[in-house]
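User: I have a protein chain to look at for class. Can you walk me through it?

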Amino acid sequence: MEVTGFFTAIIIGLIIGALGRLVVPGKQNIPIWLTLLIGVVAAILGTLVAGALGVDDTSGIDWIELLLQVVFAAIGVFIAAGAYGRRRH
């Protein structure tokens, strides 16, 4: 992966993580670095699943891939918020 690809993945991961955090109801007491990490992992997983389904490269905006990434991020934020909240109490 090139340096520009790495920075692009971080930026996209941050956006995906933030969207995932917005989708999960309630307040999530997880640090921003964890949201970023979840977003990067969700972006990668969403891209892999979209590729497996054959919807990763369409003309225009890849809405299905984006939806998959946000769903993975929301699941990750939900799990992390539950685990992180239990650990701190």
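User: How much area does the protein chain expose, and what share of it do carbon and sulfur atoms supply?
Analyst: The protein chain exposes about 6,000 Å², and 74% of that is supplied by carbon and sulfur atoms. Accessible areas come from the Shrake-Rupley method with a 1.4 Å probe; for residues, only the protein chains shown count as cover. This is a predicted model, where local features need pLDDT of at least 70, side-chain atom pairs count only at pLDDT 80 or more, and totals for chains, interfaces and linings use all residues. Residues are numbered from 1 along each chain as its sequence is written, and side-chain values use heavy atoms, with hydrogens and water left out.

User: What is the mean pLDDT of the protein chain?
Analyst: The mean is 82, and 88% of the residues reach 70 or more. pLDDT is the predictor's confidence in each residue, from 0 to 100. Where it is low, the predicted coordinates should not be read in detail.

User: How many helices and strands are there?
Analyst: The protein chain has 3 helices and 0 strands. These are DSSP runs, numbered from the N terminus: helices are H or I with at least four residues, strands are E with at least two. Among the elements, helix α1 (residues 3-23) has the lowest mean pLDDT, 79, and helix α2 (residues 32-53) has the highest, 88.

User: Which residues make up the largest nonpolar core?
Analyst: V24, I30, L34, I38, A74, V77, A80 and Y84. A nonpolar core is a set of buried Ala, Val, Leu, Ile, Met, Phe, Trp, Tyr and Cys residues joined through side-chain atoms within 4.5 Å. Buried means under 20% relative accessible area, exposed over 50%, and partly exposed in between (1.4 Å probe, protein chains only).

User: And which helix gives the most to this core?
Analyst: That is α3, with 4 residues.

User: New topic: Q69. Is Q69 buried or exposed?
Analyst: Q69 is buried, with a relative accessible area of 8%. Q69 sits in helix α3. Setting aside neighbours within four places in sequence, Q69 is in contact (heavy atoms within 4.5 Å) with I16, A42, A43, G46 and T47.

User: Which residues make the nonpolar surface patch?
Analyst: L14, I32, W33, L37, V41, I44, L45 and L48 make a patch of about 800 Å². Patch residues have over 30% relative accessible area and no salt bridge; nonpolar side chains (Val, Leu, Ile, Met, Phe, Trp, Tyr) are joined within 5 Å, like charges within 9 Å. A salt bridge is a side-chain nitrogen of Lys or Arg within 4 Å of a carboxyl oxygen of Asp or Glu. Helix α2 gives the most to the patch, with 7 residues.
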